[in-house]
Structures are given as structure tokens and as C-alpha cells.
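Grab a pencil and keep the viewer open while you work. Try each exercise on your own before you read its solution.

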Amino acid sequence: MNRDGETNLFGTSPTPIGLHLKEDFPQIRNMTRIEDRNAIAKHEDNVFQQWVRFVDPDFMEMFTYPVKQGQKNALIDPSQLIISEEMAIKYFGEDTNPLDRVINLRFADGKRMNYTVAAVLEEFPIQSSLRFNFLLNIENLNVVDPNFNPSDWAKSISATFIELEDPNDIEVITSRQESYLSFINNAQSDYPVEEFGFEPLATLYDRSNYIRNDISPESDKEGQMILGIIGMFMIALACLNYLNIAISSATKRLKEIGVRKVIGASRRHLIIQFIMENILLSLIALAMGFVLAVTLFIPGFNDLFSVDLGFNIWALDLYLFLGGLLLLTSIASGAYSAVYISRFQAVTIFRGKVMFGRKNILTKVFLTFQFILACITVVTGIMATRNSEYQRNLSWGYDQQNTMVSNIDDHQAYEKLRNALSSHLDVVSISGTSEHLSKHLVRAVIELPERTLEVYHMDIDESYVETMQLNILEGRNFKKDFASDKEAVLINEQMAENLGWFEPIGKTFRHDSTNYTVIGMLEDYHYYSFWANIEPTFSRIADDEKYKFISIRAREGKSMEVFEEMEAQWANLFPEVPFEGSLQDQLYTWYFDNISGHVVIMNFVAVLALILSCFGLYGLVSLNIASRIKEFSVRKVLGASLYHLTNAVNSHFLIYLVFALILGAPISYYLVKVLFETIYNYHVPITYSPVIMAIMLILGTVLITVSSQVFKVLKANPTVGLRNE
């Protein structure tokens, strides 16, 4: 569909299109429509809110959901129900046979229906994105929803899937969609469709970020990319660090190399020996890392983000990946040191004339690169910590601290609960709405003389602005006694900005064949979480009969007492309906948990990167000292001071460190800026102060690292050093 000059992909489809496709194209083997609805499921004393998925019977032929008990073709009978294994345990227990048991479903309009459990599906694989609790024949929608019309092109359902005899036939079907375009555009001229397309199931999840209202959950492309970059960063740091330490530790193997060369070992033999040793060492490291990953880090990641990575220890591609990782790290970390060390001549070694490491500029370049990476990760860790605190204190655009909300069935339920709570001393305001901030908003297309614009809208009552403490910047709120307010709206700042309305009061637009007049402009408010940009939104007076939410504002500091009272009144008034209330400030808990997880990961990586870089520096300083034992011994005999020894040990390393920080500072600033603007729509301002803090932290850590080596030189007996030389 075209929205304000931009083409958007939608995963929903017109209700009748599946039936027409199946009738018009013999190439289609199976077809299923999918529509999801909420219902209250009851069996004996077990009563829960559940999502019910309505499908055509072909659904079970098209998708491979293994049946644990019962018949795969159970949906042929509309009175029968297929449930997941999880639901079977939830309602009937582990030791009870759920087949032929009856579950009562109560739908949104109050319609109750009994269904017989005819099949139980095995537990879904963790990778499956098409999940459900209950599966019903879509013919039931004709009974439970009086507004459902399978022939209405103006209405949409969640998804339509087709299965072809031959995949190549999709080109034929795609090329013959013009007649369907005329059907839908005649039925809903306000929402013109440009074309119909098809998405293979195999790529649906990966493409879900670009398809709105898609039945598949969105893939976290940014998160995958960032974790991949972090992984490459850490492997690079580890390889560079090991490379420097390997060259340093080779000082203890010079005589071995010399003897092997004297007895006939070629340089190629030595290179193979060192690389094979490195492969063995990497294999041991890989095995230890694998155990740590399985027992500690993967479960920790799952707990941190409340996810399940679905790690399969027996997957073939896992071991192919680990084999490739083993070869990559073994060669990347060991090839250079093997080539470098094997080039020394035996005669040079035995004469003690090996100038080990003095002119090896490449290792110092590696060290420079290590500290650039360390600078980037430390700055990112500091920024993540600051951003977490910043977002926790970010205004939601309304009073989330003293408000609460609950789903309700209808206006009658709203009136009962409102009457029960209105006399409570700590209740300040109560309102009823069809939509609610951070719970549910609806998209709408508005028409202006020069353009159309897709926006969000909420249907609210006159007291909602007061209840949620939304801030009116211009104009006024709705008034209960003003009949004209039925065609009035409140807009947010973003909508006024998008439409170029510097004085929005009195402006008009058309929606659903009605002209609306702007009577007030609200300060921008976050309607979902801080992941989502604030978009143009308008509010209008709700029809009493369409109330779906009740919102309550409590006196300052009394929200928990009021919430407990609301829950108690609900249990008294609606004993057979599960309570779905929550404190407003808890609706973003999942978001802040995610942000906290980012902080943990970024800080862990920063600390690990800093430690690895300092290990690399430690190796090079050790190498420097090992190759200059005689020089330092002579200096000490001649009375060199602590300052002179420190300068002799570290002066040229300091140059590379300063160079790394000079390069790393602007690179860190730029990359962190790009990273945070990619991940977060609203983040802490990017400044140079985290870069300065990172530099100070790195310098402090480096000081501790090199001080240990300087101390070793100070304590060394110069007589021993001169005698060994």
C-alpha cells in the first residue's frame, strides 16, 4: 500500500483472497487463512486468557506440526480443537489424557462455545515462529464474531498461506493479481493497494523487519550484527594478544630452535611444529570455551534477555563452525610468530646475538591496534551505562508513576468497576478507552486536500487526558457536554509538525468519511517504548460501547494500594474472567531489562578487551626486557635511577600507546555515535567525556601493567644478568 508517497509492505491480506486463489489457480495444492483472536479458556477451575488461532483445515497439511495424541485432520470438524502440549499440561495436568475433554472459550463479544480436544501437538521447536495455543477451524469465526464476513474485501485477516504443486508456478499466480486489486480498491478506496506479492515461508522471518503487521515476529538484525561485530572484535584481540605473548615466550626456546636446526630441521619443519602446537593449544582453549559457553554464558544470556537461543549441542553446522573457528584462530594467532621465530640462524642463536624483538615493528603495530579496539569497547561500555540511566529518567510524556490500567470486556464491565472504585479515597480519576498508551493503538489514514497521511489514533473519553496527566500545549480538552466534540480531535506535536501546522487549532482533516476539527494539541508522549519513534497521533471521543480499557490515577505514592483494591474488586465482580491489570510504569519493564542487558554485555566486553590489550602489552614489555638484560644490568651498575629505568623500559611503548589513543578517540566517538543512533531512537547525548574517561582508564590500567615489569627490573641482580649474557 502507498502511504503518503511511500510504498509499504503489509503481512495482512483481504479476508476473501485465499478462497479466490484456491478457486482460480489449480496450481495451488493447499490454502489456509489465519486469524488470531483473544479468548478466555475455561476447564473446571482453570481459567486463563489465551490466543486462539483460526485456520482452514489445510493448515495441518501445509505445516509439519507433529501430533502427540489424536488426529491430524481434527479441524475438519468445526467443533473440535487442537491444542499445544504446553496447554494440555496447563489445563489437564501431565498425567491426564486431554483427548475428548471439553474446553469452554469465551470470546470478546461475550459469546461462549464448547470445543472438544481432538489432538495435542508435540512441543514446538524453539526456532519455530508460527506458534499458537489453540487451533480452531476458521468457520467458527462466523459464529463467535458477528462482524466477520468471509466475502468482505474491506476487511483483513492476519495472514494467507498457499502451498504450490510446483514452486515455479508462483510467477504465474503473481502475474494475474489485477482482478483482486479492483475488488479490494473498490471496497476500501481510502486504503488503495498497489499490488499483491508473495513471500516464501523460508525467508519470512528474515524479512519481517520490512513487513508491517507480519504474522512472524521481527528478527533482530541490529542485535545479530552487533553481537557478530563484538565476536570478531574479541577474536581479533585474542589473536593479537596471543601473537605478542607467543613471540615473547619464544625467548625461552631459542636454544631448542638452534639445536633443531643444527641436527637438520628446516625452517618449514619448525613452522609446521609451531603451528601444530598452536592448533593443539587452540583446541584446548576451544574445548574449555565450549564448556564455559554451554554451562555459563549461553544460560546467562538467556536469563539476561529472557530469551532461549535454542542452542543445539548436536547440530552439525555448529561443529563445522567450530572447526572453521579453530583453523582461523590457530593460523591467525600462530602463523606470524612461527614464521618470525623460525627465521633465526643457529649460529646467531648460540653466539647470543639475536636482537629479539628490538626491530619487530609489526608486533607494536598489533599492540596499537589492540588498544584502539580496547578504546572503542571501553567507550561503548561507558556510554551504555550512561544511556541506561538516561533512559530510566526519560519522560514518558505523561504520569506513568501513579496510573494503572486493565483490559475490560465492554462498557458494562467498565461501569461496574468504575462504580466500585470511584469512592476509594486514593482514586483521583478514572477513564474508559478503546485504546491505551503502551498497550494498544490503531493506525488510520487521514485525508487532507493536498495529501494523505498514515497516523496512529486512540479513542478515549473526556477524562483520559486528566487521568494520564497528558500535557495540553494549545487549545482545550474534550468536554462531556459539547455534542460537537464528537467530531473534534486532539493531536500531538509530531502530527502538527508533520502537517506543517504552526497554529493547529481549528485545522481540519477527513477520516472514515467524517471531517474532524483540531481543538487541542498535546505534548508528545511515548505510546509504546523508547524503541519506537513518536509518530503523528490523534485522539477522538470513544463510543461508550467500545471501551476495552479502564485507566485509573491514584494519589501520589498510593498506586500500589489502589492497584490491589482494583484487583480485589475485579475478583469479586468478574470471578470467571482473569485479571489483566498492570501498573503503567511496569509496561516498559521488558524494555529496561533489555537495556540493562546491553550494559552488562558492553561492560563485560570492555573489561575483557582491556585485560587482553594489557596482556599483549605485558608480553611486549617482557620481550623488551628479555632482549635487553645486559643493558639494564649495566645501567643498574652505573647507578641508573627509577626514572631512567622506567623510561628505558617503556619510552617507545608509550609512543605507540599515545598513537593508539589519538587514533582510537575519534574512531570510538564516531563508531559509538553510529551504534547508538542505529539501536536507540532516544539515547543519551554523545559527547567526548566518555572518550576522556576511557583514555584515563586505559592509561591507569597500562600503568599498573608496566609497573610490574619495571619492578622486576629494579629487583633483578645485575650480576646474574651480566653472567647469563
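Helices here are DSSP runs of H or I with at least four residues, numbered from the N terminus. Keep in mind that this is a predicted model.

**Exercise 1. Find out where Phe659 sits and which surface patch it belongs to.**

Step 1. Look for the element first: Phe659 is part of helix α20, which covers residues 642-679.

Step 2. Next, check how much of the residue is open. Buried means under 20% relative accessible area and exposed means over 50%, with partly exposed in between. Phe659 has a relative accessible area of 46%, so it is partly exposed.

Step 3. Now look at its partners. Phe659 forms a nonpolar surface patch with Leu663, Ile667, Tyr670, Leu671 and Val674. Together these residues have about 520 Å² of accessible area.

**Exercise 2. Stay in helix α20 and work out how far apart Lys673 and Glu677 are along the helix.**

Step 1. Start with the contact: the two side chains, Lys673 and Glu677, meet in a salt bridge of 3.3 Å, N to O.

Step 2. Count along the helix. Lys673 and Glu677 are four residues apart in α20, so about one helical turn separates them.

Step 3. Check the surroundings. Lys673 is partly exposed at 31% relative accessible area, and Glu677 is partly exposed too, at 44%.

Step 4. Zoom out a little. Salt bridges that share partners also link Arg212, Arg443, Glu454 and Glu535 into one network.

**Exercise 3. Which parts of the chain do the salt bridges Asp56–Arg33 and Asp145–Arg37 tie together?**

Step 1. Get the overall picture: the structure holds 19 salt bridges.

Step 2. Take the pair Asp56 and Arg33, whose side chains meet at 2.9 Å, N to O. Asp56 lies in the loop between β6 (46-55) and α2 (59-62), while Arg33 is in strand β5 (residues 28-43), so this pair ties together parts that are 23 residues apart in sequence. Both Asp56 and Arg33 are buried.

Step 3. Do the pair Asp145 and Arg37, which form a salt bridge of 2.7 Å, N to O. Asp145 is in the loop between α4 (141-144) and β12 (156-157) and Arg37 is in strand β5, so the parts tied together are 108 residues apart in sequence.

Step 4. Compare the accessibilities of the two residues. Asp145 is buried at 13%, whereas Arg37 is partly exposed at 24%.

**Exercise 4. How are the buried residues of helices α6 and α3 arranged when you look down each axis?**

Step 1. List them for α6 (residues 178-187): Tyr180, Leu181 and Ile184 are buried. Down the axis, these buried residues fall within an arc of 105 degrees, so they line one face of α6.

Step 2. Turn to the other side of α6, where Glu178 and Asn186 are exposed.

Step 3. Ask what does the covering: β4 (13-14) and α1 (17-24) are among the elements over the buried residues of α6.

Step 4. Repeat for α3 (residues 85-92), where Glu85, Met87, Ala88, Tyr91 and Phe92 are buried. Their arc is 160 degrees, so the buried residues of α3 line one face as well. Just after α3 comes Gly93, with a positive phi of about 90 degrees.

**Exercise 5. Describe the surroundings of Arg540.**

Step 1. Place the residue: Arg540 is in strand β23 (residues 537-541).

Step 2. Judge its exposure. Its relative accessible area is 13%, so Arg540 is buried.

Step 3. Pick out its contacts beyond four places in sequence, which include His457, Asp459, Phe478 and His511. Tyr516 is another one of them, and the side chains of Arg540 and Tyr516 share a polar contact of 2.9 Å.

**Exercise 6. Where do Asn213 and Ser513 sit, and is each buried, partly exposed or exposed?**

Step 1. Asn213 is no glycine, yet its phi is positive, about 55 degrees. Asn213 lies in the loop between β14 (211-212) and α8 (221-249). With 48% relative accessibility, Asn213 is partly exposed.

Step 2. Ser513, also not a glycine, has a positive phi near 65 degrees. Its place is the loop between β21 (508-511) and β22 (514-522). Ser513 has a relative accessible area of 56%, so it is exposed.

Notes. Residues numbered from 1 in each chain as written. Predicted model: local features only at pLDDT ≥ 70, side-chain atom pairs only at ≥ 80, totals over all residues. Heavy atoms only, no water. Patch = residues over 30% accessible without salt bridge, like charges linked within 9 Å, V, L, I, M, F, W, Y side chains within 5 Å. Areas by Shrake-Rupley, 256 points an atom, 1.4 Å probe, with all protein chains shown as cover. Salt bridge = Lys/Arg side-chain N within 4 Å of Asp/Glu carboxyl O. Helix = DSSP H or I, 4+ residues; strand = E, 2+ residues; numbered from the N terminus. Buried < 20%, exposed > 50% of the residue type's maximum accessible area, 1.4 Å probe, protein only. Arc of directions from axis to C-beta. Contact = heavy atoms within 4.5 Å. Polar contact = N/O pair within 3.5 Å; in protein donor to acceptor, adjacent residues only side chain to side chain.
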